[in-house]
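Here's a quick tour for someone meeting this structure for the first time. Have a look at it below, and then we'll start where the chains meet.

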Amino acid sequence: MWLLAVFVFVFGVRAIASHESAIAKASVATEELTRRIESNYRTLAQAETLRRREQLAWDDLLKISGGQQPAISVAEFLRRLKDMAWRRRLSVVSIIPGDESTPSKPASRALAPLPITILVRGKFRSLVRFIQEITRQRTLTGVESVKLMLSSIPSARTAGLDATIHVTLYRVIVDAANVPAN
Amino acid sequence: MNVPVSFDYLRPSSSLEDVLFSCRIPKEMRASCRALCCSVLFALTAWVLEGARLHRALQFERADADRYSRQLSALNAERVYEKRVQALTDLDRRVRTIAESGTLAARRLAALASDLPGNVWVTAITPDGAGVMLDGQARDLNGLSDTLVRLNADPFFVGPSLMSAQRMAATAVTPPGLRFTLHIAARVP
């Protein structure tokens with residue numbers, strides 16, 4: 001009987017010990033989970049920053065994305081080119097699409113490039129203003145390189161320089177369905 | 001003859017121990033029985049209390065694990081969203097760079113022109129992979145030296161280097177001087 005009593009007592013003590021160990025394990029696991037949850041909350045809180053960045057990017061892209069045909073882009077570009085050259089008293093000698101010029105960086109799938117080489121003749125100051133203005137239009141246009149030389153036509157030497165400007169017209173292709181509602 | 005008989009059905013009051021020991025437990029075993037009862041009581045109490053504590057701890061752990069797994073799926077969704085926004089902002093950055101390329105080229109040309117001293121003329125500016133080749137004429141070596149110093153100090157350019165300089169005889173339209181070629185690396189903004 002004494003032995004049975006001792007056995008039951010020991011069983012009780014062992015039960016306490018095993019439960020305590022299980023409780024300690026569960027507490028450690030809970031603490032670890034709580035720590036991870038807290039850290040994840042911080043990451044999830046960045047979603048608002050992401051949404052703001054997305055909105056800003058869309059605001060920019062929607063201004064220039066028309067999804068228009070290449071011919072329409074080129075037509076619009078030529079009209080603007082004529083206006084700019086006329087204002088700056090420059091003479092546009094030649095416009096060669098798809099020349100050796102290639103964009104300096106590979107275009108992404110959302111940007112469809114069309115390289116164009118333009119030869120413009122005029123005074124240095126006007127040429128600089130022209131180069132500055134050429135990218136300020138609705139059709140996204142990038143200046144890849146500019147080559148300046150004394151005019152090849154002797155009679156035009158007093159008029160200034162020949163500028164060979166390699167530009168790239170880009171059509172921005174974005175899926176408007178992805179634009180956030182707000 | 002019928003005589004009414006009365007019986008006392010009520011038992012005399014007795015303690016629990018008396019009741020328990022009334023089932024003929026020998027006196028010498030009573031102490032061990034008491035110890036056994038205490039042990040059983042202790043074990044049962046410990047079992048119940050510790051079980052309750054463990055149950056509660058496991059409940060907390062399970063609730064946190066559920067919360068964590070829900071959070072993980074939200075986190076995965078946000079990672080996909082982040083990648084999409086990253087691609088979009090990269091495109092936006094690229095578009096901005098393209099849109100500013102004209103201004104940058106114009107600024108470089110203007111800076112180049114303003115760096116030239118009065119007795120130096122540029123005859124050609126030709127872009128190459130790393131910058132531009134500058135062909136020009138100077139009245140003398142001082143002009144060429146000033147040009148190099150000014151270009152070196154210009155924040156738009158890096159390390160101008162002289163490629164060639166050649167004496168030039170006077171012609172009907174140009175005075176005697178030097179024909180030179182410089183290479184200038186463009187600083188990446």
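Let's begin with strand 3 of chain A and strand 1 of chain B: they pair in the antiparallel sense over two bridges. On the chain B side of that pairing, Ile125(B) is the bridge partner of Leu148(A). Keep in mind that this is a predicted model.

Now zoom out to the sheet. There are eight strands in an open sheet with antiparallel pairing, and the order is 1(A)-2(A)-4(A)-3(A)-1(B)-2(B)-4(B)-3(B). Strand 1 (91-97) of chain A and strand 3 (157-168) of chain B have a single partner strand each, so they stand at the edges with one side lacking a neighbour in the sheet. From one strand to the next, the twist averages 25°.

Within chain B, strand 1 (residues 120-127) and strand 2 (residues 131-138) run antiparallel and are joined by seven bridges. There, Pro127(B) sits opposite Val132(B) of strand 2 of chain B.

What packs on the sheet? Helix 3 (residues 70-87) of chain A does, touching strand 1, strand 2 (111-122), strand 3 (140-150) and strand 4 (161-172) of chain A. Another one to look for is helix 2 (residues 30-115) of chain B, which lies across strand 3 and strand 4 of chain A as well as strand 1 and strand 4 (177-186) of chain B. Here are the angles to pick out:

| Pair | Angle |
|---|---|
| Helix 3 of chain A and strand 4 of chain A | about 145° |
| Helix 2 of chain B and strand 3 of chain A | about 20° |
| Helix 1 of chain A and helix 2 of chain B | about 15° |

That last pair deserves a second look. The axes of helix 1 (residues 2-45) of chain A and helix 2 of chain B are 8 Å apart, and the angle of about 15° makes the two helices roughly parallel. Their crossing is left-handed. The residues of this helix contact come out as 30 nonpolar, 11 polar and eight charged.

What about the whole contact between the chains? Chain A puts in 54 residues and chain B 51 residues. On the chain A side, the elements giving two or more residues are helix 1, helix 2, helix 4, strand 3 and strand 4. Helix 1 of chain A gives the most, with 24 residues. That side of chain A divides into 34 nonpolar, 12 polar and eight charged residues.

Finally, a word on confidence. Chain A has a mean pLDDT of 82, with 84% of its residues at 70 or more. Among the elements of chain A, helix 4 (residues 124-133) has the highest mean pLDDT (91), while helix 2 (residues 47-64) of chain A has the lowest (82).

Methods
Residues numbered from 1 in each chain as written. Chains lettered and ligands numbered in written order. Predicted model: local features only at pLDDT ≥ 70, side-chain atom pairs only at ≥ 80, totals over all residues. Pairing = 2+ DSSP bridges. Helix = DSSP H or I, 4+ residues; strand = E, 2+ residues; numbered from the N terminus. Axes fitted to C-alpha atoms, helices over the stretch in contact; angles between N-to-C directions. Contact = placed C-beta atoms within 7 Å. Parallel < 35°, antiparallel > 145°, perpendicular 65-115°, else oblique. Left-handed = near helix turned anticlockwise from the far one by under 90°. Nonpolar A, V, L, I, M, F, W, Y, C, P; charged D, E, K, R; others polar. pLDDT = per-residue confidence, 0-100.
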